[in-house]
Amino acid sequence: TGNGYMGVRRSSVLGQRTAGFASTIIYMNAIDEESGFGYKPIFDTMKLILSIKDYGGDTLVPIRYQVFELTKPLAENVLKYDEKRDKDSIAYINCDLSGVYDESKPIFEFTFPKEELNEGPSTMVVSMENTPYSWDYARRLMLIPDNYAEAGSDWDGYGRTDVEAYTDEKKWSEKFYGLYIKPDPKSVPTNLEGAMYSLDLTASGIMLQGRSRNPKDPSMIKDTVGMYYYFCDDESKYNASVVKVEHDYSQGMYGSPSELDAVVIDASKSREERTTVSTCYVEGLGGPSTEIYLTDDFLSELVALETTESGEYSRLGINQCLFTIYVAGADYDWNVTQSRAEELTPLLDKSLTRLGSYLNYNTLSPVIDYDYVYENNYNTEVIYNGYLDRSRGCYTLNLTAHIQKLFNSIRQEDGTYDVTKAEDALRTIYIGTEATAPYVFTESVLQGMPTDERGASVAAPIQIDLTYTLVK
């Protein structure tokens with residue numbers, strides 16, 4: 001995707017979310033093959049270059065991060081490539097980074113933003129703090145050999161060991177596998193929300209700063225030396241990046257469990273084992289999605305439309321089927337919704353601009369109506385809709401083709417219907433983020449069933465509007 005994500009964010013409802021990313025790095029400057037980084041180069045500091053595209057939360061809350069060197073390449077260890085695909089930049093959520101870095105050896109640490117400077121998300125450069133492992137990493141970047149300090153070393157003093165790594169990207173990728181930036185959730189006080197950031201990896205990276213000595217008098221400084229390393233270079237064939245996002249529903253605000261902690265949302269469990277809820281949530285960055293299950297009663301209602309005409313009509317044709325899902329606090333009555341504008345506006349501001357509908361959310365396999373591939377390829381929009389209507393406080397999903405397909409699936413060869421024959425794969429619709437924008441910091445709070453968890457009536461549960469034709 002070309003994006004990296006980092007930060008810690010807490011919510012009394014959604015719990016604690018942490019994001020970090022691992023990425024290759026690539027040198028952005030040429031160096032002189034004869035002198036390299038100069039004579040007996042000195043490492044001064046390493047800075048992190050940030051190009052922030054988006055953010056969510058309280059961006060003035062300082063968060064601590066650790067930076068680790070990758071000990072194995074992401075390719076084939078974390079990223080599993082198809083042989084037919086180029087080994088280029090890929091980012092996805094909840095990858096397993098165990099075994100590709102040493103958690104006991106952070107090479108740098110930093111705080112962003114700096115509390116005393118009151119920096120916000122426009123900050124571009126962050127000075128990182130050294131650790132006991134910083135010098136060894138910087139030394140290798142400056143091409144100083146491993147035996148530089150040994151008695152009888154044959155090192156001539158110039159930072160140019162394996163200098164070809166700075167001219168051959170393949171050799172570079174085999175020598176330096178990349179970095180992993182990991183947030184520390186304990187650095188964010190439990191009474192603060194924290195923040196998460198989206199970085200443009202093509203404009204983000206690290207900057208090494210140092211000095212070189214005078215060969216004739218090493219006690220004197222000859223020049224400053226430096227090098228930029230970016231996480232992604234559009235011209236490189238060796239880009240690779242992954243995003244690691246973790247959700248801990250047991251950690252809400254003030255150290256208390258979040259509201260979702262008591263909800264069983266494990267996708268590996270059966271539908272019967274998962275918790276049925278009235279208030280539904282859809283969150284980006286791998287957060288919760290909403291599962292709608294179309295019951296036997298729903299299908300029986302469709303069958304009844306066709307069979308109550310005493311045989312005059314034989315087939316039901318669905319012209320349009322709209323699912324309208326209202327944001328929490330909104331009402332079927334437009335006037336009531338407008339009267340709640342003051343309380344609804346903040347909720348709408350942080351809601352997703354569009355919802356996607358899927359048969360399999362993990363693989364982003366959409367219902368037939370939501371053909372996002374067609375939309376992207378032809379720069380058009382299908383009639384599915386799915387956008388947030390701020391004036392009504394709702395999303396309208398046109399699922400006509402999918403519901404017709406589901407209805408057709410229960411028709412038997414003799415013309416009768418058996419609602420029990422409907423497959424769960426067609427009965428189940430997953431409501432999630434828009435397929436082309438899964439990495440967002442917004443979330444939608446939606447009304448679902450007619451009664452809430454306490455048995456109280458819900459103002460505007462999911463509404464289904466069906467327009468149909470009975471065909472002779």
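## Thr337 and its surroundings

Thr337 is buried in this predicted model. Its relative accessible area is 3%, and because buried is taken as under 20%, Thr337 falls in that class. The residue sits in helix H4, which covers residues 334-339.

Beyond the neighbours within four places in sequence, Thr337 is in contact with Ala330, Asp331 and Leu344. Ser391, Arg392 and Gly393 are also among its contacts. One of these residues, Gly393, belongs to the hairpin of strands E20 and E21, which is described next.

## The E20-E21 hairpin

Strand E20 spans residues 385-389 and strand E21 spans residues 394-398. The two pair in the antiparallel sense, with 3 bridges between them. In one bridge, Leu388 has Tyr395 of E21 as its partner.

The hairpin has 4 residues between its strands. Gly393 takes a positive phi there, near 70°. Gly393 is also one of the residues in contact with Thr337.

## The five-stranded sheet

An open sheet is built from 5 strands, in the order E3-E13-E12-E4-E8, with antiparallel pairing. Strands E3 (26-27) and E8 (125-127) stand at the edges; each has a single partner strand, so one side of each has no neighbour in the sheet. Strands of a sheet pair through backbone hydrogen bonds, in either a parallel or an antiparallel arrangement.

At the E3 edge, the partner is strand E13, residues 217-230. E3 and E13 run antiparallel and are joined by 2 bridges. Ile26 is bridged to Tyr230 of E13.

## The E12-E13 hairpin

Strands E12 and E13 are linked as a hairpin, with 2 residues between them. Their pairing is antiparallel and extends over 10 bridges. One bridge joins Asn214 to Asp217 of E13. Asn214 lies in strand E12, which covers residues 205-214, while E13 covers residues 217-230.

## Helix H1 across the sheet

Helix H1, residues 134-141, lies across three strands: E4 (39-49), E12 and E13. The helix runs at about 110° to E4. In the sheet order, E13, E12 and E4 stand between the E3 and E8 ends.

Key:
Residues numbered from 1 in each chain as written. Predicted model: local features only at pLDDT ≥ 70, side-chain atom pairs only at ≥ 80, totals over all residues. Heavy atoms only, no water. Pairing = 2+ DSSP bridges. Contact = heavy atoms within 4.5 Å. Axes fitted to C-alpha atoms, helices over the stretch in contact; angles between N-to-C directions. Buried < 20%, exposed > 50% of the residue type's maximum accessible area, 1.4 Å probe, protein only.
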